[in-house]
Amino acid sequence: MSQNISGKTVVITGASSGLGEATAYHLASLGAKVVLGARREDKLQQIAATIEAKGGQAAYLVTDVTKASEVQALVQLGVSRFGKVDVMINNAGLMSIAPISELKTDEWDRMIDINIKGVLYGIAAALPVFEQQQSGHFINISSVAGIKVFSPGGTVYSGTKFAVRAISEGLRHEVGGAIRTTTILPGAVDSELKHGSSHQQSAEFVGNFYQMAIPADSVARAVAYAIEQPKDVDINEIVLRPAVQDF
């Protein structure tokens, strides 16, 4: 069903590495026009150049998802460059693992700003476009930590990912019909996410835990599966994890 992906314009936040990068490459290989947003311009430029060298179409814009205006500009780049936006993938995320007793309030703030408000800003940027087009697809990246609280250490992170799941379900209920909503809930996937912890003991635990991680393109294939469905089919949630992961 890749014909349902070819020609679509897909905006991806957190596109400079990990799940976002893998998804950009995979969807571009299926004929999608990808619009890449992240903070590292050198990485965005490299990914876009690689896609274009293989005959694909890509645009990029340096984007901090904690700033609504920058996410708005990213979506508008998709509209101005390719005439429309079909899919908005809210992928940017931060996982800072530490016991609550460590009181890392700055890291709590960053996770809330990136993981929750970043998704909301993506919705705010793309929803008016989707409503005008009478079509569109939100894909929000949550986590298995949004199904079961990952504690001790991941309580706040889980809180943000539960929020993503709740926002996605509410969004589906409010705008469903012509506009689809999918939540992807990955387990341990190889990406830079595992490097987000400043608490040494927690960072060591995460490093060991992620030895079972599956490749980032596992998520890219799940994203493609959701997009390629006929327009009257809405894949609302996809949970994927390493076969050996019990959490």
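Helices (H or I, at least four residues) and strands (E, at least two) are DSSP runs, numbered from the N terminus. The model is predicted, so that local features need pLDDT of at least 70 and side-chain atom pairs count only at pLDDT 80 or more, while totals for chains, interfaces and linings use all residues. Residues are numbered from 1 along each chain as its sequence is written, and side-chain values use heavy atoms, with hydrogens and water left out.

**Exercise 1.** Locate Asp 64 and describe the surroundings of its side chain.

Solution. Begin with the backbone: Asp 64 sits in the loop between strand E3 (57-62) and helix H3 (68-82). Next, consider charge, with Lys and Arg counted as positive, Asp and Glu as negative, and His and the chain ends not counted. Asp 64 is buried and yet has no salt bridge, the nearest side chain of opposite charge being Lys 67 at 4.4 Å. Here buried means under 20% relative accessible area, exposed over 50%, and partly exposed in between (1.4 Å probe, protein chains only); a salt bridge is a side-chain nitrogen of Lys or Arg within 4 Å of a carboxyl oxygen of Asp or Glu. Finally, look at the other partners: once neighbours within four places in sequence are left aside, Asp 64 is in contact with Arg 39, Glu 70 and Val 71, where contact means heavy atoms within 4.5 Å.

**Exercise 2.** Examine the salt bridge between Lys 43 and Glu 21, and state which elements hold the two residues.

Solution. The search of the whole structure finds 6 salt bridges, and in one of them the side chains of Lys 43 and Glu 21 meet at 4.0 Å, N to O. Lys 43 belongs to helix H2 (residues 41-53) and Glu 21 to helix H1, so the pair ties together parts that are 22 residues apart in sequence. As for accessibility, Lys 43 is partly exposed at 21%, whereas Glu 21 is buried at 18%.

**Exercise 3.** Describe the salt bridges of Asp 86 and of Arg 221, with the accessibility of each partner.

Solution. Asp 86 pairs with Lys 84, the closest N and O atoms being 3.3 Å apart; Asp 86 is buried, with a relative accessible area of 12%, and Lys 84 is partly exposed at 29%. The side chains of Arg 221 and Asp 217 meet at 3.4 Å, N to O. Because these two residues are 4 residues apart in helix H7 (residues 217-228), about one helical turn separates Arg 221 and Asp 217. Arg 221 is partly exposed at 46% relative accessible area, and Asp 217 is partly exposed at 36%.
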